[in-house]
Amino acid sequence: LAACSGTAGENGETFSEDTVQIQEEQEENVMRTDIAQNIEVVVGDQIFTAGLYDNATAQAFAERLPLTLDMSELNGNEKYYYFRESLPEDPESPSSIRSGDLMLYGSDCLVLFYEDFSTSYSYTCVGFMEDPSGLDEALGSGSVQVTFRAAS
């Protein structure tokens, strides 16, 4: 969720840990109101609720729903799938990824993260899981079939 927003000021200044936490909480509240729609992410018999951001990438992704994808494992922290056709992209460098983040790498690689970690890569934000608890267990250690569909 906070992965799609930074913790440095507009002029690159840095903040104390307390200020960063307050800023992240404020950004989290802002981002939750910037959700275009909710979807369901189905892994096996588990259903997770996700919010899609209000941007061109998330809209183009939503237009393809429902989707059932065979997602591959990478680095013990993410599942990915390459689309045949590109989606609109507007990459940013989040510096950190949170479990449940749904992002686009490049213009055609959908990535579902299931671990928190720091990154130097750039992604376009697509959405995030409302509650990613149990996501890592549901996705497992290898390739997995994941269904993305409109929330019922």
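How much accessible surface does the protein have, and what share of it belongs to carbon and sulfur atoms? The surface comes to about 8100 Å², and carbon and sulfur atoms account for 42% of it. Keep in mind that this is a predicted model.

**The overall layout**

Let's start with the big picture. The protein has 152 residues, and 41% of them count as buried. Its secondary structure adds up to three helices and 10 strands. Reading from the N terminus, the order is α-β-β-α-β-β-β-β-β-β-β-α-β. If you take the contacts between residues at least 6 apart in sequence, 61% of them join residues at least 24 apart.

**A covered strand and its partners**

Now look at strand β9, residues 124-129. Six of its six residues are buried, so this strand is mostly covered, given that buried means under 20% relative accessible area. Strand β2 (residues 46-53) runs antiparallel to β9, and three bridges join the two. One pairing to look for here is Ala-50 with Met-129 of β9. Strand β6 (residues 101-105) is also antiparallel to β9, this time with four bridges. Over there, Leu-102 stands opposite Gly-127 of β9.

**Two salt bridges**

The structure holds two salt bridges. Here they are:

| Basic residue | Acidic residue | Closest N and O atoms |
|---|---|---|
| Arg-149 | Glu-40 | 2.7 Å |
| Lys-79 | Glu-73 | 2.5 Å |

In the pair of Arg-149 and Glu-40, Arg-149 sits in strand β10 (residues 144-150) and Glu-40 in strand β1 (residues 35-43), so the salt bridge ties together parts that are 109 residues apart in sequence. Arg-149 is partly exposed, at 29% relative accessibility, while Glu-40 counts as buried at 11%.

What about the other pair? Lys-79 is buried, with a relative accessible area of 0%. Its partner Glu-73 counts as partly exposed, at 21% relative accessibility.

**A helix and a loop**

Helix α2 covers residues 56-63, and its buried residues include Thr-57, Ala-58, Ala-60, Phe-61 and Ala-62. At the N-terminal end of α2, Asn-55 acts as a cap: one of its side-chain oxygens lies 3.1 Å from the backbone nitrogen of Thr-57.

Another asparagine is worth a look. Where is Asn-77 found? It is in the loop between β3 (67-74) and β4 (78-82). Is Asn-77 buried or exposed? At 11% relative accessibility, Asn-77 counts as buried. Leaving aside residues up to four places away in sequence, Asn-77 touches Leu-112, Phe-113, Tyr-114, Glu-115 and Phe-117.

Key:
Residues are numbered from 1 along each chain as its sequence is written. This is a predicted model: local features need pLDDT of at least 70, side-chain atom pairs count only at pLDDT 80 or more; totals for chains, interfaces and linings use all residues. Side-chain values use heavy atoms; hydrogens and water are left out. Buried means under 20% relative accessible area, exposed over 50%, partly exposed in between (1.4 Å probe, protein chains only). A polar contact is a pair of N or O atoms within 3.5 Å; within protein, one must be able to donate a hydrogen and the other to accept it, and residues adjacent in sequence count only if both atoms are side-chain atoms. Contact means heavy atoms within 4.5 Å. Accessible areas come from the Shrake-Rupley method with a 1.4 Å probe; for residues, only the protein chains shown count as cover. Two strands pair if DSSP finds at least two bridges between them. A salt bridge is a side-chain nitrogen of Lys or Arg within 4 Å of a carboxyl oxygen of Asp or Glu.
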